[in-house]
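Student: I would like to practise reading a model feature by feature. Could you take me through one?
Tutor: Gladly; let us put it on the screen and start with the charges.

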Amino acid sequence: MNIVNSMKLSFLSRSANESFARAAVAAFLLPLDPTVAEVADVKTAVSEAVTNAIVHGYPDSFGTVYIEMKLTDTGKAIIKIRDKGVGIPDVEKAMEPLYTTSSDERAGLGFAVMQSFTDKVRVRSAVGKGTTVTLEKNIIRSTYAKR
C-alpha cells in the first residue's frame, strides 16, 4: 500500500468549522470514486471526531483542530483528527456507548458512530496533551487513478 495523495488542514475549534471539515474531507475523498453512501459515512465519522475535538478537547477555551488525510493506491482513506486539548484520561471508558463527560445533552455515542461508519478507529490520548483519532475507510471497488 502506497500513499498517493495527502493533505493537511487546521482550523480554530469553533463549532461552525465542523461543516468545513466534513466538506474538505469529502472533496479530498472524491478521486477514490466513492459511492454517495461511502461519502456520507466518512462525513458522519469525521463530523463526530471533529465535534469531540471541539467540545471535549477544548471545553473551556479555543484551540486548533488538525486534520491529516491520506489516500492509498489500494483505495483506502486514512484520516487523522487531532487536538492539543485536555486529553482523555480513560480512552477505553470514553469509547463505551452512552458514556459522556459533558454536562449538556450529549448522547455519548460519538466513538460508536465513528466505529459503525468506518472500517477502523484508533484513539490515542494523553491528559493535558490532546487526542488523535485515526479513521480508516476502504473504498474497495477502485484504486486511486495515477494521474
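Student: Which residues are linked in a network of salt bridges?
Tutor: This is a predicted model, and in it Lys-76, Arg-122 and Glu-136 are the residues joined in such a network. One link in it is the salt bridge between the side chains of Glu-136 and Lys-76, at 3.3 Å from N to O. Glu-136 belongs to strand β5 (residues 130-138) and Lys-76 to strand β3 (residues 76-83), so this pair ties together parts that are 60 residues apart in sequence.

Student: Are Glu-136 and Lys-76 buried or exposed?
Tutor: The relative accessible area tells us, with buried meaning under 20%. Glu-136 has 12%, so Glu-136 is buried. Lys-76 has a relative accessibility of 17% and therefore also counts as buried.

Student: How many salt bridges does a search of the whole structure find?
Tutor: Five. Among them is the one that Glu-18 forms with Arg-22, where the closest N and O atoms are 3.8 Å apart. A salt bridge is counted within 4 Å, so it helps to look at the distance as well as the label. Both residues lie in helix α1, and their spacing of four residues is about one turn of the helix. Glu-18 is buried, at 17% relative accessible area, whereas Arg-22 is partly exposed, at 25%.

Student: What is the N to O distance in the salt bridge of Lys-70 and Glu-68?
Tutor: Those two side chains meet at 3.5 Å. Lys-70 is partly exposed, with 28% relative accessibility, and Glu-68 is also partly exposed, with 26%.

Student: Let us turn to rings. What describes a pair of aromatic rings?
Tutor: Two values do: the distance of the centres and the angle of the planes. A search of the whole structure gives one aromatic pair. Phe-11 and Phe-20 make up that pair, with 5.9 Å from centre to centre and 90 degrees between the planes, an edge-to-face arrangement. Phe-11 is buried, at 8% relative accessible area, while Phe-20 is partly exposed, at 42%.

Student: Where does the charged end of Arg-14 sit?
Tutor: Over the ring of Phe-62, 4.2 Å from the ring centre. For this kind of feature, look for a charge placed over a ring face. Arg-82 gives another case: Arg-82 lies over the face of Tyr-66, at 4.3 Å from the ring centre.

Student: How should I read a single loop residue, and where does Thr-118 lie?
Tutor: Take its place in the chain, then its accessibility, then its partners. Thr-118 is in the loop between α4 (110-117) and β4 (120-126). With a relative accessible area of 9%, Thr-118 is buried. A polar atom of the Thr-118 side chain lies 2.7 Å from the backbone oxygen of Met-114.

Student: Which residues is Thr-118 in contact with, leaving aside its neighbours within four places in sequence?
Tutor: Ala-45, Leu-135, Glu-136 and Lys-137. You have met Glu-136 already, as a member of the salt-bridge network with Lys-76 and Arg-122.

Student: What about backbone angles: which phi does Asp-33 have?
Tutor: Check the sign of phi together with the residue type. Asp-33 has a positive phi of about 55 degrees, although it is not a glycine. Asp-33 sits in the loop between α1 (17-29) and α2 (36-57).

Student: And where is Leu-71 found?
Tutor: In strand β2 (residues 64-72). Leu-71 is buried, with a relative accessible area of 0%. The C-alpha atoms of Leu-71 and Asn-138 are 9.8 Å apart, with their positions 67 residues apart along the chain.

Student: Now for the whole chain. In what order do the elements run from the N terminus?
Tutor: The order is β-α-α-β-β-α-α-β-β, with four helices and five strands in the chain. Of the 147 residues, 46% are buried. Among contacts with a separation of 6 or more, 66% come from residues 24 or more positions apart. The chain exposes about 8,000 Å², and carbon and sulfur atoms supply 51% of that area.

Notes:
Residues are numbered from 1 along each chain as its sequence is written. This is a predicted model: local features need pLDDT of at least 70, side-chain atom pairs count only at pLDDT 80 or more; totals for chains, interfaces and linings use all residues. Side-chain values use heavy atoms; hydrogens and water are left out. Helices (H or I, at least four residues) and strands (E, at least two) are DSSP runs, numbered from the N terminus. Buried means under 20% relative accessible area, exposed over 50%, partly exposed in between (1.4 Å probe, protein chains only). Contact means heavy atoms within 4.5 Å. Accessible areas come from the Shrake-Rupley method with a 1.4 Å probe; for residues, only the protein chains shown count as cover. Rings of Phe, Tyr and Trp (its six-membered ring) pair if their centres lie within 6.5 Å; planes under 30 degrees apart count as stacked, over 60 as edge-to-face and the rest as tilted. A charge sits over a ring if NZ of Lys or CZ of Arg is within 6 Å of the ring centre and within 35 degrees of the ring normal. A polar contact is a pair of N or O atoms within 3.5 Å; within protein, one must be able to donate a hydrogen and the other to accept it, and residues adjacent in sequence count only if both atoms are side-chain atoms.
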